[in-house]
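Let's take a friendly walk through this structure together, with the charged pairs as our starting point. Have the 3D view ready and follow along.

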Amino acid sequence: GNKEANELDVRKLSAQLEAFLRTQPNQSAQWSGWAGAHQALMAEGLLSEGASGMLLAQEAFEDLDRNGKIDVQENQVQLRDKPKGCGWYIPPKKPKAGRGRGRGRRGRA
C-alpha cells in the first residue's frame, strides 16, 4: 500500500509545483532541475529536507516533465500553457469532406 500513497503524494506535489509556477512571473522559475522544485516545496512546508523529501520532489518534477507540462532548460523551468501530450504532436484529424479552402473552385472567369 505504501507505493500507492507515494503515488498520491507525487501527484499532489506535482499539482502543487504547477500551481507554484502559475504564480511566478512569466510562469517560470530559476531552478536547476528538480532541486529547485524541492526548495519550493520545502518552503511551502510540504516536504522534508532529507532524502525522502528530495526523492518525492524529484518524482513530482519528473511527473510534470513526463506529462509535458513544463519545459526544462539548464537553470530555468517554464510552465507550458498547454501540456504537449506524450512527446509527439498528433494534429487532430480534419474531416476530408465538406468545406476545405476551396481548392481553386472559385476564381474561374
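Before we set off, keep in mind that this is a predicted model. Our first stop is Arg11, an exposed residue with a relative accessible area of 52%. Its salt-bridge partner is Glu7, and the closest N and O atoms of the two lie 3.9 Å apart. Glu7 is partly exposed, at 40% relative accessible area. Why can these two side chains find each other? Both sit in helix α1, which covers residues 2-23, and because they are 4 residues apart there, about one helical turn separates them. Side chains of opposite charge can pair when their charged atoms come close.

Further along α1 you will find another pair with this kind of spacing. Glu18 and Arg22 are also 4 residues apart in the helix, so about one helical turn lies between them. Their side chains meet in a salt bridge, with an N to O distance of 3.4 Å. How accessible is each partner? Glu18 counts as buried, with 14% relative accessibility, while Arg22 counts as partly exposed at 45%. Lys69 comes into play here too: salt bridges with shared partners link Glu18, Arg22 and Lys69 into one network.

Now turn to Asp71 and Arg80, which form a salt bridge with their closest N and O atoms 2.4 Å apart. Asp71 itself is partly exposed, with a relative accessible area of 26%. Over the whole structure, a search finds 5 salt bridges, and those described here are among them.

From charges, let's move to the nonpolar side of the picture. Which residues have the most contacts inside the largest nonpolar core? They are Leu17, Leu21, Trp31 and Ile70, in a core of 18 residues. The elements giving two or more residues to this core are α1, α2, α3 (51-66) and β3 (77-79). Of these, α3 supplies the largest share, 5 residues.

Leu21 is a good place to pause and look around. Setting aside neighbours within four places in sequence, Leu21 is in contact with Gln27, Ser28, Ala29, Trp31, Ile70, Val77 and Leu79. Two of the names on that list, Trp31 and Ile70, appeared above among the residues with the most contacts inside the core.

Our last stop is helix α2, residues 34-43, where Gly36, Ala37, His38, Ala40 and Leu41 are buried. After α2 comes Gly45, and its phi is positive, near 75°.

Key: Residues numbered from 1 in each chain as written. Predicted model: local features only at pLDDT ≥ 70, side-chain atom pairs only at ≥ 80, totals over all residues. Heavy atoms only, no water. Salt bridge = Lys/Arg side-chain N within 4 Å of Asp/Glu carboxyl O. Buried < 20%, exposed > 50% of the residue type's maximum accessible area, 1.4 Å probe, protein only. Core = buried A, V, L, I, M, F, W, Y, C linked by side-chain atoms within 4.5 Å. Contact = heavy atoms within 4.5 Å.
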